[in-house]
Amino acid sequence: VGDFMQSPVLSAKPTMTEKQIEDLFIRYDVRALPVVDDDNEVIGLVSYKEVSAAKMRLINKQEKRLRQIEKAVADGRKLPEDRPLESAVKGWMKQKVQLAEASLTMAEVEQLLLETDVGYVPVVAEGTKQLVGMVTRTDLLRQHRYYSSLHYHNKGFSDSIAARKPIIELRKRLKKFDVENE
């Protein structure tokens with residue numbers, strides 16, 4: 001893994017907010033970031049999915065705050081206390097994260113990604129949780145492109161065109177039964 005992982009890798013701190021994480025995603029064009037503590041040990045992972053959910057919660061909090069202010073003004077009461085609405089990533093990150101040690105082979109990491117159905121895995125130093133890199137599905141596909149002799153376990157992509165010929169023929173025969181829209 002150490003030969004083809006992305007390293008050094010951008011990471012997030014547990015105190016960062018939704019907006020700060022989203023800014024990193026946009027600025028560096030990434031979809032996931034490992035969350036590390038002060039000792040650079042992986043404590044979680046945040047993907048675009050978690051950021052989107054956190055942003056929706058933030059929008060809901062802002063709308064609720066506006067309704068409270070409007071109601072207080074209408075009733076002639078004191079305005080609600082102004083406190084920060086954003087929350088730290090440590091409250092909404094994925095905490096159970098699959099890690100890959102740098103000594104694993106490409107086949108082992110590929111199997112790990114396929115079994116856990118994730119698109120990325122933080123790579124840590126042997127026997128520790130020290131972040132040393134990140135491996136994505138794209139990294140694996142890139143390796144298969146350059147090293148075509150490697151066996152690829154995903155049947156949908158590993159079959160040759162000739163092996164798919166019966167399916168292609170079946171699709172052609174079934175095409176005549178398709179209903180055309182007017």
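Among contacts in the protein chain between residues at least 6 apart in sequence, 57% join residues at least 24 apart. The model is predicted. The protein chain has 182 residues, and buried residues make up 30% of them. Its secondary structure comes to six helices and five strands. Read along the sequence, these elements follow the pattern α-β-β-α-β-α-β-β-α-α-α.

## Nonpolar cores

The largest nonpolar core holds 13 residues. Ile21, Val46, Val89 and Trp92 have the most contacts inside it. H1, S1 and H2 are the elements that give two or more residues to this core. H1 provides the largest share, three residues. A second, separate core has twelve residues, including Met5, Ala100, Leu112 and Val123.

Valine 46 shows how the contacts of one core residue spread. Residues up to four places away in sequence are not counted here. Valine 46 then touches Ile21, Phe25, Arg31, Ala32, Leu33, Val35, Val51, Val89 and Trp92. Among these partners, Ile21, Val89 and Trp92 also appear in the list of residues with the most contacts inside the largest core.

Trp92 has a charged partner as well. Glutamate 50 sits in helix H2. Which residues does glutamate 50 contact, leaving aside its neighbours within four places in sequence? They are Trp92 and Lys94. Glutamate 50 and tryptophan 92 are 42 residues apart in sequence, yet 7.0 Å apart in space, C-alpha to C-alpha. Glutamate 50 has a relative accessible area of 11%, under the 20% cut-off, so it counts as buried.

## Salt bridges

The count comes to four salt bridges. Three of them are listed here.

| Basic residue | Acidic residue | Closest N to O distance |
|---|---|---|
| Lysine 19 | Glutamate 86 | 3.8 Å |
| Lysine 55 | Glutamate 22 | 3.1 Å |
| Arginine 77 | Aspartate 75 | 3.6 Å |

Start with the pair of lysine 19 and glutamate 86, which meet at 3.8 Å. Lysine 19 lies in helix H1 (residues 18-28), and glutamate 86 in the loop between helix H2 (48-75) and strand S3 (100-101), so the bridge ties together parts that are 67 residues apart in sequence. Lysine 19 is partly exposed, with a relative accessible area of 40%. Glutamate 86 is partly exposed too, at 31%.

The pair of lysine 55 and glutamate 22 meets at 3.1 Å. Lysine 55 is in helix H2 and glutamate 22 in helix H1, so this pair ties together parts 33 residues apart in sequence. Is glutamate 22 buried or exposed? At 17% relative accessibility, glutamate 22 counts as buried.

In the pair of arginine 77 and aspartate 75, the closest N and O atoms are 3.6 Å apart. Aspartate 75 is partly exposed, with a relative accessible area of 48%.

## Largest pocket

The largest pocket has a volume of about 450 Å³. It is lined by 18 residues, and Gln6, Val30, Arg31, Ala32 and Thr136 are the closest to its centre. Two of these, Arg31 and Ala32, are also touched by valine 46.

Strand S1 (32-36), strand S5 (131-136) and helix H4 (137-146) each supply at least two lining residues. H4 gives the most, with four. The lining divides into nine nonpolar, four polar and five charged residues.

## Backbone details

Where is the cis peptide bond? The bond runs from serine 7 to proline 8, with omega near -5°. Proline 8 is found in the segment before H1.

Two residues other than glycine have a positive phi. Aspartate 29 has a phi of about 50°. Its place is in the loop between H1 and S1. Aspartate 29 has 69% relative accessibility, over the 50% cut-off, so it counts as exposed.

Asparagine 40 has a phi near 65°. Asparagine 40 lies in the loop between S1 and strand S2 (42-47). With a relative accessible area of 29%, asparagine 40 is partly exposed.

Conventions
Residues are numbered from 1 along each chain as its sequence is written. This is a predicted model: local features need pLDDT of at least 70, side-chain atom pairs count only at pLDDT 80 or more; totals for chains, interfaces and linings use all residues. Side-chain values use heavy atoms; hydrogens and water are left out. A salt bridge is a side-chain nitrogen of Lys or Arg within 4 Å of a carboxyl oxygen of Asp or Glu. Buried means under 20% relative accessible area, exposed over 50%, partly exposed in between (1.4 Å probe, protein chains only). On a 1 Å grid over the protein atoms alone, a cavity is a set of points where a 1.4 Å probe fits but cannot get out, and a pocket is an open set with protein on both sides within 12 Å along at least five of seven lines; lining residues have an atom within 4 Å of a point. Grid points are joined across faces, edges and corners, and a volume is the space filled by probe spheres set on the points. Ala, Val, Leu, Ile, Met, Phe, Trp, Tyr, Cys and Pro count as nonpolar, Asp, Glu, Lys and Arg as charged, and the others, Gly among them, as polar. A nonpolar core is a set of buried Ala, Val, Leu, Ile, Met, Phe, Trp, Tyr and Cys residues joined through side-chain atoms within 4.5 Å. Contact means heavy atoms within 4.5 Å.
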